[in-house]
Amino acid sequence: MFLDGTVLILHCCDIVCSSSGISAGLILLSEEIDTGEPAHLDTLPVTVKRNAYGRQLGSFCTTADLTEIPAFPMVFIRAPYIASVKEPVKVLGTVDDHIIAVQYKHQIGLSFHPELTGDTRIHKYFVDMVRNVI
């Protein structure tokens, strides 16, 4: 299960570090934050824009396609978006021309909250990704 604003680390050793960052967790993983504040874990080579969709009243729901996952329901709550990525980060999805989902090695970063929907396909995607490297 993904938890709001947390980073889930399933397996960590010298070779493999698998994690998923959701919303605030995405900010924790990012290499750079648009506000200029220092990076936290600095494991995901992306730049994030904090509170990109505004305050709480700017929160919204939508459905969009992700790589390998069509028509995924998304809940954005004071969400960041990914302003830029470095190679070889793979963009998994966009909404309104903003990057909202990425994969880098064995990590995924999401701007939205999949745990607030009944759709578990992104959870399965993450678990399968980890399973393939263990």
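Is Ser-111 buried or exposed? In this predicted model, Ser-111 counts as buried, because its relative accessibility is 0% and the limit for a buried residue is under 20%. Ser-111 is placed in the loop between S10 and H2. Its side chain reaches the backbone oxygen of Pro-80 at 2.8 Å. With residues up to four places away in sequence not counted, Ser-111 touches Ser-23, Leu-26, Phe-76, Ala-79, Pro-80, Tyr-81, Ile-82, Ile-99 and Ile-100.

Phe-76, one of the residues touched by Ser-111, also belongs to a strand pairing. Strand S5 (residues 60-66) pairs with strand S6 (residues 69-76) in the antiparallel sense, over 6 bridges. Within this pairing, Phe-76 in S6 stands opposite Phe-60. The two strands form a hairpin with 2 residues between them, and Glu-68 in the turn has a positive phi of about 70 degrees.

Aromatic residues of the hairpin take part in ring pairs. A pair of aromatic rings is described by the distance of the centres and the angle of the planes. The count of aromatic pairs comes to 6. In one of them, the ring centres of Tyr-53 and Phe-60 are 5.1 Å apart and the planes lie at 70 degrees, so the pair is edge-to-face, the class for angles over 60. Tyr-53 is buried, with a relative accessible area of 18%, whereas Phe-60 is partly exposed, at 23%. For Phe-72 and Phe-112, the centres are 5.8 Å apart and the planes are at 50 degrees, so this pair is tilted. The pair of Phe-72 and Phe-112 links distant parts of the chain: Phe-72 is in strand S6, while Phe-112 is in the loop between strand S10 (107-110) and helix H2 (121-131), 40 residues apart. Both Phe-72 and Phe-112 are buried. Ring pairs join Tyr-53, Phe-60, Phe-72, Phe-76, Tyr-81 and Phe-112 into a cluster.

Phe-76 and Phe-112 recur in the largest nonpolar core, which has 22 residues. In soluble globular proteins, nonpolar side chains tend to be buried together. The members of this core that touch the most other members are Leu-66, Met-74, Phe-76, Ile-100, Ile-108, Phe-112 and Ile-122. At least two residues of this core come from each of S5, S6, S8, S9, S10 and H2. H2 supplies the largest share, 5 residues. Leu-66 is in contact with Phe-72, Met-74, Leu-92, Gly-93, Ile-100, Ala-101, Phe-112 and Ile-122, neighbours within four places in sequence being left aside. Another core, of 12 residues, lies apart from the largest one and has Leu-26, Ile-33, Val-46 and Val-48 among its members.

The buried residues in H2 are Ile-122, His-123, Tyr-125, Phe-126, Met-129 and Val-130. Viewed down the axis of H2, the buried residues fall within an arc of 160 degrees, so they line one face of the helix. An α-helix has 3.6 residues a turn, so residues three or four places apart point the same way. Lys-124 and Arg-131 are exposed on the other side of H2.

Two residues of H2 also meet Gln-103. Gln-103 lies in strand S9 and counts as buried, at 15% relative accessibility. A polar contact of 2.4 Å joins its side chain to that of Tyr-125. The side chain of Gln-103 also reaches the backbone oxygen of Lys-105 at 3.3 Å. Residues touched by Gln-103, not counting those up to four places away in sequence, are Val-89, Lys-90, Leu-92, Ile-108, Tyr-125 and Met-129.

Several loops show backbone features. Lys-105, found in the loop between S9 and S10, has a positive phi of about 50 degrees although it is not a glycine. Lys-105 is exposed, with a relative accessible area of 56%. Asp-96, in the loop between S8 and strand S9 (98-104), likewise has a positive phi, near 50 degrees, and is a residue other than glycine. At 61% relative accessibility, Asp-96 counts as exposed. A cis peptide bond, with omega about 5 degrees, joins Glu-87 and Pro-88. Pro-88 is placed in the loop between strand S7 (81-85) and strand S8 (90-95).

Technical notes: Residues are numbered from 1 along each chain as its sequence is written. This is a predicted model: local features need pLDDT of at least 70, side-chain atom pairs count only at pLDDT 80 or more; totals for chains, interfaces and linings use all residues. Side-chain values use heavy atoms; hydrogens and water are left out. Two strands pair if DSSP finds at least two bridges between them. Helices (H or I, at least four residues) and strands (E, at least two) are DSSP runs, numbered from the N terminus. Rings of Phe, Tyr and Trp (its six-membered ring) pair if their centres lie within 6.5 Å; planes under 30 degrees apart count as stacked, over 60 as edge-to-face and the rest as tilted. Buried means under 20% relative accessible area, exposed over 50%, partly exposed in between (1.4 Å probe, protein chains only). A polar contact is a pair of N or O atoms within 3.5 Å; within protein, one must be able to donate a hydrogen and the other to accept it, and residues adjacent in sequence count only if both atoms are side-chain atoms. Contact means heavy atoms within 4.5 Å. The arc is that of the directions from the helix axis to the C-beta atoms. A nonpolar core is a set of buried Ala, Val, Leu, Ile, Met, Phe, Trp, Tyr and Cys residues joined through side-chain atoms within 4.5 Å.
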